[in-house]
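Colleague: I have a model open on my screen and would like to learn how to read it. Could you walk me through its features one at a time?

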Amino acid sequence: MRRFISLIILLSLTLMASAQVQVKGRVINLQNKPVSDVIVKLVKGSKTLAFTTTNVRGEYTMSLKETPSGETQLQFSHVSYEKESEKLELNSKVKTVDMVLTPKTISLKEVKIKGNPLRQRGDTLVHNLASFLGKGDVTLEDGLKRLPGVDVATSGAISYMGKPISQFNIEGLDLLGGRYNLATRNLPADYVTQVEIVRNHHGRKMDKDKPSDEVSMNIKLNKKAKFKPFGQEEAGAGYMQDGDDRLQALLGVTGMMFTDNFQTICSAKAGNYKSFAKADLYDHYGSSEVSTRATGLFGGFDGGRPPQGEYLYQRNAMGTINTINKLDSVTTFKVNADYSYQRVTHDIGQSSTYLTGDGSYVTVTEQTSPLTKIHLPKLSMNYQKNADRSYLDETFVVKGKFEQNEGDVLANQQQIEQRRKASSFEVVDNVYWSSRSLKGAYRYLNGGISFKRTPMLRLSFYDNGKAYGQTAQSSTLSMNLGSSFDIPIGKTFKINLPVSVSAAYDDLETVYSPPSQGGAGGGSGSINDIRGWSVNPSLNPGFEIHSRNRRFYLSTGLGASLKGLYYNKLHYTKPVINPSLSMSYTFSANSKLSFSSNYSTSIGDMMTLLTNPMQVGYRTERTSSGIIGESNNWNTSGSWKWQLPMQYFTLSLGAGHSETKHNTLYSQSVSGIDISSSALQRDTRSRSTSFNFATTKNIPTLFAKFSLDGSYGFGSGEQAVNGEVFKTKSSNYSIHSNVALTPLSWLELKYDINYGWSQSRYADNKNDVTSLTHSGAIHVFLIAVLDISLDYDHVRRQITTNQYKNMSLFNASAQYKLKKAVLRLELTNLLNQRSYAYTVYDGVNTYSYDYGLCGRTALFKATFKI
C-alpha cells in the first residue's frame with residue numbers, strides 16, 4: 001500500500017513539474033547596467049497571471065502552474081523608467097525575455113528634462129525625428145538623412161548600416177512596397193513623430209524566433225496626419241539656357257489619409273524639370289518594369305549616364321493611387337495602380353578602342369543623341385493575413401511597357417540611323433501560405449504563375465544608302481510550386497525538408513534582314529526559332545541548430561536539383577548539388593557576427609541556342625555558340641556589425657570572396673568598326689576578393705553626423721579576341737567620407753569627399769584610372785525660416801593615361817518656409833558647364849565618354865499644404 005501511495009505522489013509531482021512554465025530574464029538600462037526593483041507582470045487581457053520584481057543584478061524569475069493558451073503580455077514598470085511590454089507565446093517550458101528600459105521624461109513646472117532622442121527597445125531603435133531635424137529640412141527624406149547609421153541614396157533608396165531596408169511601413173502598414181519615395185518625398189517632416197528602425201526584422205510574425213538579417217523602417221505620425229485627409233500642391237516655372245526645353249515647368253498634387261484601418265496616398269505630377277514626376281515611382285525592390293526574352297536580347301539606345309551632373313532633357317508625368325485596408329487585426333487588402341510616361345534625350349560622344357587579333361587597336365568615335373519614350377501602366381493587388389501562427393499572402397500584378405527609341409549615330413564621320421520599337425506586358429499571380437504548430441513545427445506552401453510577352457520588337461538601321469533590320473517576338477509561361485516542412489527535434493535542433501518544382505515554356509523568334517539598297521532590309525536573312533520547356537525540380541534537405549539562448553545559429557542545406565532543358569531537338573538533363581552554410585553569433589542586441597558560404601551550379605538556357613547572327617546594334621552582331629553553358633560558383637562572405645545606439649555610433653566590417661568556373665569563354669571579333677561576339681567552348685575561371693568598412697557617428701549638440709566608408713578589391717579572369725585568350729587582372733580601392741554639422745545656430749555645413757583608384761592588366765599592358773570628387777554646401781539662416789545655400793561638386797578624373805580633367809559644378813538656392821507653404825528658388829549649374837568626360841578600362845578594351853550637361857537653369861517652386 002505504501003508503495004502504491006508513493007507511486008501516486010511521484011506521478012503527481014512529475015505531472016505538476018511538467019505543467020509548470022518558467023519565465024525569466026534580465027533588465028538593464030541604456031548604459032547596460034542592471035535595474036533592480038522593476039515590477040514584472042505577466043498578463044492576459046486584464047488578468048494578471050504572475051508577477052515578481054528584479055533583484056540587484058536585474059534578474060527575475062516567475063513560474064506558472066499551467067501553460068496559458070494564446071498570446072500573453074510581459075510588462076515592465078519602474079518609477080524612474082518608461083513602461084515597456086512585450087507580447088509572447090508560452091510555447092516552451094522556459095522562456096527568456098530580456099529588456100532595456102529608457103529613463104522617463106520629467107516635467108517640473110517650467111523646467112523640462114528631456115529624455116534621450118534615441119530609445120532602444122530590444123531590436124528596435126526609436127528615433128524622435130524632431131531631435132535630429134535641421135532648420136532647412138522639409139520632407140521626411142530630409143530628416144532620414146540625419147539619423148545615425150541611415151543612408152539615403154540619390155535615388156531615394158534607404159539603407160541602415162549598409163543593408164537596404166526590406167520593408168517600409170507607415171503606422172505598421174506596408175502601403176507602398178518598394179515605391180516608398182512617394183512617402184519620403186511628399187510627407188512633411190513635421191508630421192512625423194518617430195522613425196523606428198527594426199533590426200533582425202521578420203516580415204511574417206510566425207517567424208519571429210528565427211534568425212534574420214533584414215532591416216525594416218516604421219514611420220509614426222502625429223495627430224495632424226491622422227484621421228483626416230491632407231496633402232500638398234506643387235507648382236514651378238523656370239528657364240534653362242541652351243536646352244531642348246528652355247522653358248521649365250512642373251505641376252503636381254498629392255493627397256494622403258491615414259487612419260487606424262485605412263491608408264491612402266494618391267498623386268498626379270507632370271513636368272520637364274529634372275525627374276520631378278517619375279522619381280516618386282522608383283521601385284527600390286526592382287520589380288516594376290516588364291523584362292522579356294526579346295527586350296533583354298535587343299536593348300534600347302540609352303547611352304549610359306555620367307557619374308556627376310544633370311545631363312538629361314526629359315519630360316515626365318505620372319498618376320498613382322495606393323490604398324490599404326486593415327480588415328481585422330491580422331488581415332490587409334492593398335491596391336496599387338499607377339501610370340507613368342517619360343521622354344528622355346541627351347548628348348554623348350564616345351571613343352571605343354578594341355584590341356584586334358594581330359595585337360593592333362581599332363578606335364571608333366561616335367556622337368549620338370538617343371531619344372527614348374516609355375509608357376508604364378501597372379496594377380497590383382495584395383491580400384495578406386499575418387498571424388502569430390499562420391501566414392497567407394496572394395499578389396496579383398498586371399503591367400505593361402511600351403517604348404520607342406531613336407539613336408542616330410555619327411560614327412567616324414559617317415551618319416547611321418537607328419530605330420527601335422517594342423511593346424511588352426506581364427501578368428503574375430503568386431500565393432504563399434505557412435503555419436506553425438504549438439511545438440514549433442513549420443509548414444510552407446507556395447505557388448505562382450506568370451505570363452509575359454513581347455508581340456513584336458523591331459530594330460531598323462540605315463547606313464550609307466543601305467537598310468537592314470532585326471525583329472523579334474517572345475512569350476514565356478512560368479509556373480512554380482513548392483512546399484517545406486520544418487521539424488523540431490529537441491529545443492535546439494531542427495530539420496528542414498523543402499521541395500519545389502519550377503517550369504517555364506519559352507517561345508522566341510528572331511529574324512535578321514540583311515542590307516538592301518534603299519529599302520527597309522530584305523533578301524534572305526537569318527532566323528532563330530527556339531521553343532520548348534525548362535524544368536527544375538529541387539530538394540533541399542538541411543538542418544538548423546541554435547544555442548539555448550538563441551545567440552548562435554547555424555543552418556545548412558544540400559540544394560539538390562535536376563536541370564532539364566527541352567528546346568526543339570535538344571534534350572538536356574543534369575543533376576546538380578548547391579550546398580550552403582550560414583552562421584551567426586549575436587553578442588548582444590547591438591553586436592552581431594555573420595558568415596555564409598555557398599556553392600552553386602547554373603545551367604544555360606535557350607539563349608545559348610541562338611546560333612544564327614542577330615544584329616543588336618548598328619555595328620554589333622551577336623551569335624551564340626549552341627553550347628549549353630555551365631557555371632560553377634563559390635561565394636563566401638562575412639560581416640561584423642557593432643552599434644552603440646545611445647552614443648550614436650555604428651561600425652560595420654565585411655569581406656567576401658568568389659570563384660567562378662565557366663565551360664565557355666566570351667570572345668569578341670573586330671572587323672573594321674564592326675564588333676561581333678560569340679562563345680568559345682573552353683573552361684575559364686575568374687576570381688574576386690573584396691573588403692569593406694563603414695562607420696557613422698552623430699553628435700546631437702552640434703546637430704552633426706560624420707560618416708566614413710571604404711573598400712578594396714582585386715580579381716582575375718580571361719577574355720578572348722579573335723580566338724586568342726588573354727588573362728586579365730584588376731584591382732581597386734575607394735575611400736569616402738561625409739560630414740554634416742551646425743557649428744552655429746544660423747550656419748549649417750556639409751562636405752563629402754570620395755577618392756577612387758582602379759587598375760586593369762593584361763599581357764604587358766597596364767592601365768590606371770584615378771578619380772577625386774568632393775562636394776560641399778553652406779546653408780545660412782538669416783532668420784529661422786529662410787535658408788540660403790550654395791553647394792558645389794568638383795571632380796578630377798582621368799581621361800587618358802597622362803591626361804586629367806577638372807570640373808566644378810555650382811548650385812544655389814533660397815528657401816522660405818511659411819506655416820502652410822514652402823517657397824524655393826533653385827539656380828543650377830551656375831558656371832554653365834556643358835560637358836563631363838571620363839574613361840573606363842574593361843579588360844582588353846578602353847571606353848572614353850564625353851557627356852553633354854544641361855545648361856544653366858533657374859526655377860521658382862512653391863509647395864502648399866492642403
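Modeller: Gladly! Let's begin with one pair: Asp151 stands opposite Ser159 in strand 14. Keep in mind that this is a predicted model.

Colleague: How many bridges does strand 14 share with strand 13, and in which sense do the two pair?

Modeller: Strand 14 covers residues 158-160, and three bridges pair it with strand 13 in the antiparallel sense. Both belong to an open sheet of three strands, ordered 13-14-15, with antiparallel pairing. Strand 13 (150-152) and strand 15 (163-164) are the edge strands, each pairing on one side only.

Colleague: Is there a general idea about side chains in a strand that I should carry along?

Modeller: Yes: along a regular strand, side chains alternate between the two faces of the sheet.

Colleague: Which strands could I look at for a hairpin?

Modeller: Try strand 2 and strand 3, whose hairpin has two residues between the strands. Strand 2 (residues 39-44) and strand 3 (residues 47-53) run antiparallel and are joined by six bridges. One pairing to find on screen is Val40 with its bridge partner Thr52 in strand 3. In the hairpin, Gly45 takes a positive phi near 70°.

Colleague: What is the general expectation for phi in residues other than glycine?

Modeller: Most residues other than glycine have a negative phi. Two residues here are worth a look on that account. Glu171 is not a glycine, yet its phi is positive, at about 50°. Glu171 sits in the loop between strand 16 (167-170) and helix 3 (181-184). Asn200, also a residue other than glycine, has a positive phi near 55°, and its place is the loop between strand 17 (192-199) and strand 18.

Colleague: How accessible are Glu171 and Asn200?

Modeller: Glu171 counts as partly exposed because its relative accessibility is 22%, and "buried" would need a value under 20%. Asn200 is partly exposed too, with a relative accessible area of 23%.

Colleague: Now for the interior. What tends to happen to nonpolar side chains?

Modeller: In soluble globular proteins they tend to be buried together. In this model, the largest nonpolar core has 47 residues, and those touching the most other members are Leu140, Ile158, Phe168, Leu187, Val195, Met217 and Ile219. Strand 18 (residues 215-221) gives the most to this core, with four residues. Apart from it lies another core, of 42 residues, including Leu297, Tyr572, Val795 and Leu853.

Colleague: What does Ile158 touch?

Modeller: Leaving aside neighbours within four places in sequence, the contacts of Ile158 include Leu144, Val150, Pro164, Phe168, Tyr180 and Met217.

Colleague: Is Met807 buried or exposed?

Modeller: Met807 counts as buried, because its relative accessibility is 3%. Met807 lies in strand 50 (residues 803-817). Among the residues it touches, beyond those up to four places away in sequence, are Val795, Tyr836 and Leu853.

Colleague: And what about Glu394: which strand holds it, and what does it touch?

Modeller: Glu394 lies in strand 27 (residues 390-406). It is partly exposed, with a relative accessible area of 35%. Not counting residues up to four places away in sequence, Glu394 touches Met381, Asn382, Tyr383, Asp429, Asn430 and Val431.

Colleague: As a biochemist I always ask about cysteines. How many disulfides are there?

Modeller: In general, a disulfide is a covalent bond between the sulfur atoms of two cysteines. The count here comes to zero disulfides. As for individual cysteines, Cys266 is partly exposed at 29% relative accessible area, whereas Cys854 is buried at 6%.

Colleague: Let's step back. How does the radius of gyration of the protein chain agree with that of a compact globule?

Modeller: A compact globule of 866 residues would have a radius of gyration near 29 Å, and the protein chain has 31 Å, which agrees. The C-alpha atoms fill a box of roughly 110 × 75 × 50 Å along the principal axes. The secondary structure comes to four helices and 54 strands.

Colleague: What share of the residues is buried, and how much surface is exposed?

Modeller: Of the 866 residues, 45% count as buried. The protein chain exposes about 41400 Å², with carbon and sulfur atoms supplying 56% of that area. One last number concerns contacts between residues at least 6 apart in sequence: 63% of them join residues at least 24 apart.

Note on methods
Residues are numbered from 1 along each chain as its sequence is written. This is a predicted model: local features need pLDDT of at least 70, side-chain atom pairs count only at pLDDT 80 or more; totals for chains, interfaces and linings use all residues. Side-chain values use heavy atoms; hydrogens and water are left out. Two strands pair if DSSP finds at least two bridges between them. A disulfide is a pair of cysteine sulfur atoms within 2.5 Å. Buried means under 20% relative accessible area, exposed over 50%, partly exposed in between (1.4 Å probe, protein chains only). Contact means heavy atoms within 4.5 Å. A nonpolar core is a set of buried Ala, Val, Leu, Ile, Met, Phe, Trp, Tyr and Cys residues joined through side-chain atoms within 4.5 Å. The radius of gyration is taken over C-alpha atoms; the globule rule is 2.2 Å times the number of residues to the power 0.38. Accessible areas come from the Shrake-Rupley method with a 1.4 Å probe; for residues, only the protein chains shown count as cover.
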